[in-house]
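Thank you all for coming; I would like to walk you through one structure this morning, going slowly for anyone who has not seen it before. Please have the sequence and the model open while I talk.

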Amino acid sequence: MVVIFSSLVALFVAAFIVDTAGAGVQRWKSVKKTTVVGFFAQDLAETNETTFDYLTFREITSNFGLLDKFRVPGLEERNDRDHAPWKKFKEAIEKLNKKSPKNTAYKVLYLARHGEGYHNVAESFYGTPLWDCYWSLLDGNGTSRWDDAELTPKGIEEAKKASAAFKDQVKAKFPLPDIYYSSPLSRAASTLEITWGNITLSGHNAAKPIFKEPLQGFRETIGIHTCDRRNTKTWLHKKYPSFTFEGDFVEVDKLWDPAWREPNEVRNRRASDALNEIFADTSDTFISITAHSGAITR
């Protein structure tokens with residue numbers, strides 16, 4: 001299980017095995033995943049997952065919870081106190097991949113929950129019972145809108161705070177993502193754009209974040225709540241011109257239903273299948289995914 005902490009970003013290492021007999025678009029169905037513990041304080045039994053904050057761990061310098069000494073079974077470390085922690089981490093991942101069987105690989109996932117959206121404010125104001133049974137069915141209340149909810153000013157500042165934290169870590173040789181995925185909902189895409197905008201998403205060789213349509217795995221729970229109904233492809237392209245659309249990304253959201261909300265187990269399976277597809281189809285090791293608490297905390 002992956003947990004989301006009191007701040008926007010969670011990092012973890014995953015190993016996966018792909019059945020090499022698989023082929024074509026069905027290859028992702030043969031993926032088997034497991035997490036690798038021992039790199040981050042988030043893995044430790046003594047870490048409180050509900051209060052852990054990647055920015056304040058150890059108060060002075062957190063390195064997002066990266067441990068000074070890794071506790072990964074079978075992994076030999078360099079005995080070098082002056083070795084930059086993130087450089088050591090990257091070398092450890094490279095070593096694990098080099099030693100792994102042909103159909104096994106290790107990935108590092110940077111999971112980010114979006115900053116505060118207007119729907120979050122509305123639910124807090126009205127209370128969850130009233131939100132679930134009435135207000136979440138509307139597009140807004142006349143004062144603010146929350147259909148495909150956008151970030152509030154506080155949410156924008158949260159994303160800027162995450163961006164500043166990443167910039168600090170980059171100075172310490174933090175391994176930047178090789179590829180960036182986003183939920184197609186506005187609050188997630190804006191969070192990604194603000195977080196990485198002037199780090200890796202600008203300039204001649206800027207990365208191109210991806211809206212991944214086929215499995216819709218990174219969306220929040222789908223149905224009934226208008227905040228979870230995505231905008232049109234045309235609107236998204238205009239709002240986020242640097243993003244690319246992968247697969248058969250249709251113009252109108254055909255998955256959202258005003259009368260039915262998918263069960264949590266369906267959402268969880270959807271997210272798991274999306275990860276399987278990425279793991280099976282990309283050779284990238286460091287993967288950024290910006291999504292929602294419902295999609296990344298189960």
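Let me begin with the side chain of S182, one of whose polar atoms lies 3.5 Å from the backbone nitrogen of A189. I should say straight away that this is a predicted model, and that the distances I quote are computed from its coordinates. S182 lies in strand 4, and with a relative accessibility of 1% it counts as buried. If we leave aside the neighbours within four places in sequence, S182 is in contact with A188, A189, L192, I210, F211, K212, F243 and T290.

From that residue we can move out to the strand itself. Are the two faces of strand 4 covered or open? Both are covered, since I179 and Y181 on one side, and Y180 and S182 on the other, are all buried. In general, the side chains of a regular strand alternate between the two faces of the sheet.

Which strands, then, pair with strand 4? Strand 7 runs parallel to strand 4 and is joined to it by four bridges, while strand 5 pairs with strand 4, also in the parallel sense, over two bridges. Y181 takes part in both pairings, with I289 as its bridge partner in strand 7 and I210 as its bridge partner in strand 5. Strand 4, helix 5 and strand 5 together make a right-handed β-α-β unit.

K208 belongs to the loop between helix 5, residues 186–196, and strand 5, residues 210–212. Although K208 and I179 are 29 residues apart in sequence, their C-alpha atoms are 7.9 Å apart in space. Beyond four places in sequence, the contacts of K208 are with Y180, S242 and T244.

Another loop residue to look at is T285, between helix 7 and strand 7. T285 has a relative accessible area of 19%, and because the cut-off for buried is under 20%, it is classed as buried. Outside its sequence neighbours up to four places away, T285 touches I93, N97, Y106, K107, V108 and D178.

Next come two residues with an unusual sign for phi, neither of which is a glycine. F64 has a positive phi of about 60° and sits in the loop between strand 2 and helix 1, where it is buried at 1% relative accessibility. D148, whose phi is near 40°, is placed in the loop between helix 3 and helix 4, and it too is buried, at 3% relative accessibility.

How many disulfides does the structure hold? The count is zero. As for individual cysteines, C133 is exposed, with a relative accessible area of 53%, whereas C227 is buried, with a relative accessible area of 2%.

I will finish with confidence. The chain averages a pLDDT of 85, and 85% of the residues score at least 70. There are stretches to treat with caution, among them residues 1–7, where pLDDT stays under 50 and for which the model nevertheless has 25 contacts beyond four places in sequence. Over residues 20–25 pLDDT also stays under 50, and there the model has two such contacts. Where pLDDT is low, the predicted coordinates should not be read in detail.

How values were computed
Residues are numbered from 1 along each chain as its sequence is written. This is a predicted model: local features need pLDDT of at least 70, side-chain atom pairs count only at pLDDT 80 or more; totals for chains, interfaces and linings use all residues. Side-chain values use heavy atoms; hydrogens and water are left out. A disulfide is a pair of cysteine sulfur atoms within 2.5 Å. Buried means under 20% relative accessible area, exposed over 50%, partly exposed in between (1.4 Å probe, protein chains only). Contact means heavy atoms within 4.5 Å. pLDDT is the predictor's confidence in each residue, from 0 to 100. Two strands pair if DSSP finds at least two bridges between them. A crossover is right-handed if, with the strands pointing away from the viewer, the path from the first strand over the helix to the second runs clockwise. A polar contact is a pair of N or O atoms within 3.5 Å; within protein, one must be able to donate a hydrogen and the other to accept it, and residues adjacent in sequence count only if both atoms are side-chain atoms.
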